[in-house]
Amino acid sequence: MLKKLLYCTDPSLNYDLLSQYSLVFQLGDQFLGCILFQPADKTVAYLSFQEIAGSKLTGEDVIAFLHENSWLKEPFQQVAAVSYSTRQMLVPVELFDAADPSFFADLQFGLRNQELILTNETAGIEAVSLLSVPQDIYTVLNERFENIQWSHWHEHIVSAVAGEQARITLSFFLNTFSLAIEKNGNWQLVQTYKYNTPEDVLYFVLQSFKQYDIDASLCQVQVDGLVNQDSAMIQLLYQYIPHLEWAQQLQFEYPPTADPTPVHTFALTDRILTCVS
């Protein structure tokens with residue numbers, strides 16, 4: 001069941017021109033949304049981001065979303081579904097067995113009934129992405145969009161060139177956040193965690209400084225996604241992280257939302273669009 005519209009732009013579109021646009025679905029544990037954009041001129045025509053009422057996104061939620069947005073149908077230039085689920089992992093190519101793709105997924109988070117394991121080779125690092133997708137969600141979107149391409153958020157992070165200087169990026173969703181560490185030209189860690197309190201997030205960041213031998217006094221920690229700048233979460237992080245910064249660079253042009261949306265929230269979307277374009 002759909003619960004709360006977190007942000008949305010004016011859907012006053014010329015539906016006769018939809019074939020000129022690309023479409024991206026964003027699918028998280030407790031949210032879903034879509035982005036309609038033109039890759040060539042880097043403009044976003046429409047985007048929405050909606051919280052669901054249950055603890056897990058289901059096929060029924062996707063059906064309800066498509067019903068409310070009945071114009072979401074073929075043809076588009078391309079259609080992609082990007083998952084933000086915690087049920088994903090990157091496996092080194094030399095360890096991956098294509099004959100048994102679910103082996104590592106079963107070890108990492110245990111397989112459930114009615115799930116599919118999707119595999120993608122990742123650009124930028126020698127690894128295979130294993131993504132667990134509920135069967136009902138997969139079926140709903142694949143029946144609606146014939147050539148939809150599935151991927152995970154982590155795949156798009158590591159497709160970018162990692163910096164030499166240590167940097168941490170925190171990307172916040174509703175009840176999860178991803179932590180990405182780049183250092184010495186390599187991606188040291190890309191992981192999504194669930195959290196309940198601000199202290200949970202702080203713990204993972206401080207542990208990362210220690211585990212990856214990062215000098216906190218020199219390391220830039222960049223924040224993007226669904227988090228308020230004056231939240232208790234951010235106030236706590238400011239106390240322990242000297243160089244906490246907000247993502248401010250956007251590659252795409254965005255239409256206005258009903259309520260003003262900060263740049264760092266769009267920055268999360270922007271990183272996805274830059275990769276799928």
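Is Glu126 buried or exposed? In this predicted model, Glu126 counts as exposed because its relative accessibility is 64%, and exposed means over 50%. Its place is in the loop between β7 (115-121) and β8 (127-134). Setting aside residues up to four places away in sequence, Glu126 touches Val91, Pro92 and Val93. Val79 is another matter: Glu126 and Val79 are 47 residues apart along the chain, and their C-alpha atoms are separated by 26 Å.

**Residues in the loops**

Let us stay with the loops for a moment. Asp16 is found in the loop between β1 (2-8) and β2 (22-27). With a relative accessibility of 70%, Asp16 counts as exposed, because that value is over the 50% cut-off. From the C-alpha atom of Asp16 to that of Val128 the separation is 39 Å, and these two residues are 112 residues apart along the chain.

Two further loop residues are worth a look for their backbone. Lys42 has a positive phi of about 55°, although it is not a glycine. You will find Lys42 in the loop between β3 (31-38) and β4 (43-52). Asn184, also not a glycine, has a positive phi of about 55°, and it is found in the loop between β11 (176-183) and β12 (186-194). Lys42 counts as partly exposed because its relative accessibility is 33%, and Asn184 is partly exposed because its relative accessible area is 48%; partly exposed means a value between the cut-offs of 20% and 50%.

Here are the accessibility values, together with that of a helix residue discussed below.

| Residue | Relative accessibility | Class |
|---|---|---|
| Asp16 | 70% | exposed |
| Glu126 | 64% | exposed |
| Asn184 | 48% | partly exposed |
| Lys42 | 33% | partly exposed |
| Leu268 | 4% | buried |

**A residue in α7**

Leu268 lies in helix α7. Why does Leu268 count as buried? Its relative accessibility is 4%, so it falls under the 20% cut-off. Which residues does Leu268 contact, leaving aside its neighbours within four places in sequence? They are Trp153, Ser171, Phe172, Phe173, Asp224 and Gly225. One of these partners, Asp224, is 44 residues from Leu268 along the chain, with 5.8 Å between their C-alpha atoms.

**The largest pocket**

Helix α7 appears again in the largest pocket, where it gives six residues, the largest share of the lining. This pocket has a volume of about 470 Å³. It is lined by 22 residues, and the closest to its centre are Ala160, Arg167, Gln222, Ala267 and Arg271. Two or more lining residues come from each of α4 (153-158), β10 (167-172), β13 (220-225) and α7 (263-276). By class, the lining divides into nine nonpolar, eight polar and five charged residues.

**Two helices that pack together**

Finally, turn to helix α5 (residues 198-211) and helix α6 (residues 232-240). These helices pack at an angle of about 35°, and their axes are 9 Å apart. The crossing of α5 past α6 is right-handed. On the α5 side, Pro198, Glu199, Val201, Leu202 and Leu206 take part, meeting Ala232, Met233, Leu236, Leu237 and Tyr240 in α6. Sorted by class, this contact has nine nonpolar residues, one charged residue and no polar ones.

Key: Residues numbered from 1 in each chain as written. Predicted model: local features only at pLDDT ≥ 70, side-chain atom pairs only at ≥ 80, totals over all residues. Heavy atoms only, no water. Axes fitted to C-alpha atoms, helices over the stretch in contact; angles between N-to-C directions. Helix = DSSP H or I, 4+ residues; strand = E, 2+ residues; numbered from the N terminus. Left-handed = near helix turned anticlockwise from the far one by under 90°. Contact = heavy atoms within 4.5 Å. Nonpolar A, V, L, I, M, F, W, Y, C, P; charged D, E, K, R; others polar. Buried < 20%, exposed > 50% of the residue type's maximum accessible area, 1.4 Å probe, protein only. 1 Å grid on protein atoms, 1.4 Å probe; cavity = no way out; pocket = protein on both sides within 12 Å on 5 of 7 lines; lining within 4 Å. Points joined across faces, edges and corners; volume = space filled by probe spheres on them.
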